[in-house]
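Reader: I am in my first year of study and should like to examine one part of this structure closely. Could you please take me through the largest pocket and then through some of the surface?

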Amino acid sequence: IQSKKWYTTQENHRFRQTMIRDAMRMSREINNTPIEAITPEQLYECVGIEVFVTHGLAMYVAEKKRAHIDDVLSEQTLQEDNGIC
């Protein structure tokens with residue numbers, strides 16, 4: 001039995017082209033911005049493509065993701081300890 005694919009070859013090609021276009025656009029934008037001046041909105045646009053933008057940005061985004069996870073877990077623990085959830 002031949003398995004069905006979720007996306008057609010053309011759709012996969014279009015997704016890849018969109019990712020490449022987004023990575024190139026964000027790479028130009030990020031490379032012209034000091035890392036400490038990057039806005040949250042710019043970071044959001046890089047999620048999933050950060051490894052294609054710059055190594056420094058990939059490391060920065062990974063650090064921000066870890067910090068976000070730590071914040072969420074801390075808040076969950078706080079709420080649990082206080083009987084909120």
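**The largest pocket and the surface**

Author: In this predicted model, the largest pocket holds about 200 Å³ of space. Two elements each give two or more residues to its lining, namely α2 (40–46) and α4 (55–81). Helix α4 supplies the largest share, with four residues. The complete lining consists of Pro40, Leu43, Tyr44, Val47, Val61, Lys64, Lys65 and His68. Sorted by class, five of the lining residues are nonpolar, one is polar and two are charged. As to how such a space is found, rolling a probe the size of a water molecule over the atoms shows where empty space is left.

Let us now turn to the surface. Trp6, Tyr7 and Phe15 together form a nonpolar patch there, and their combined accessible area is about 450 Å². Of these residues, Phe15 belongs to helix α1. Phe15 has a relative accessibility of 41% and therefore counts as partly exposed, since that class lies between the limits of 20% and 50%.

Helix α1, which spans residues 9–31, also contains Gln10. The relative accessible area of Gln10 is 56%, so this residue is classed as exposed, the cut-off being over 50%. Finally, one distance places Gln10 in relation to another part of the chain: Gln10 and Gly48 are 38 residues apart along the chain, and their C-alpha atoms are separated by 21 Å.

Methods: Residues numbered from 1 in each chain as written. Predicted model: local features only at pLDDT ≥ 70, side-chain atom pairs only at ≥ 80, totals over all residues. Heavy atoms only, no water. 1 Å grid on protein atoms, 1.4 Å probe; cavity = no way out; pocket = protein on both sides within 12 Å on 5 of 7 lines; lining within 4 Å. Points joined across faces, edges and corners; volume = space filled by probe spheres on them. Nonpolar A, V, L, I, M, F, W, Y, C, P; charged D, E, K, R; others polar. Buried < 20%, exposed > 50% of the residue type's maximum accessible area, 1.4 Å probe, protein only. Patch = residues over 30% accessible without salt bridge, like charges linked within 9 Å, V, L, I, M, F, W, Y side chains within 5 Å. Areas by Shrake-Rupley, 256 points an atom, 1.4 Å probe, with all protein chains shown as cover. Salt bridge = Lys/Arg side-chain N within 4 Å of Asp/Glu carboxyl O.
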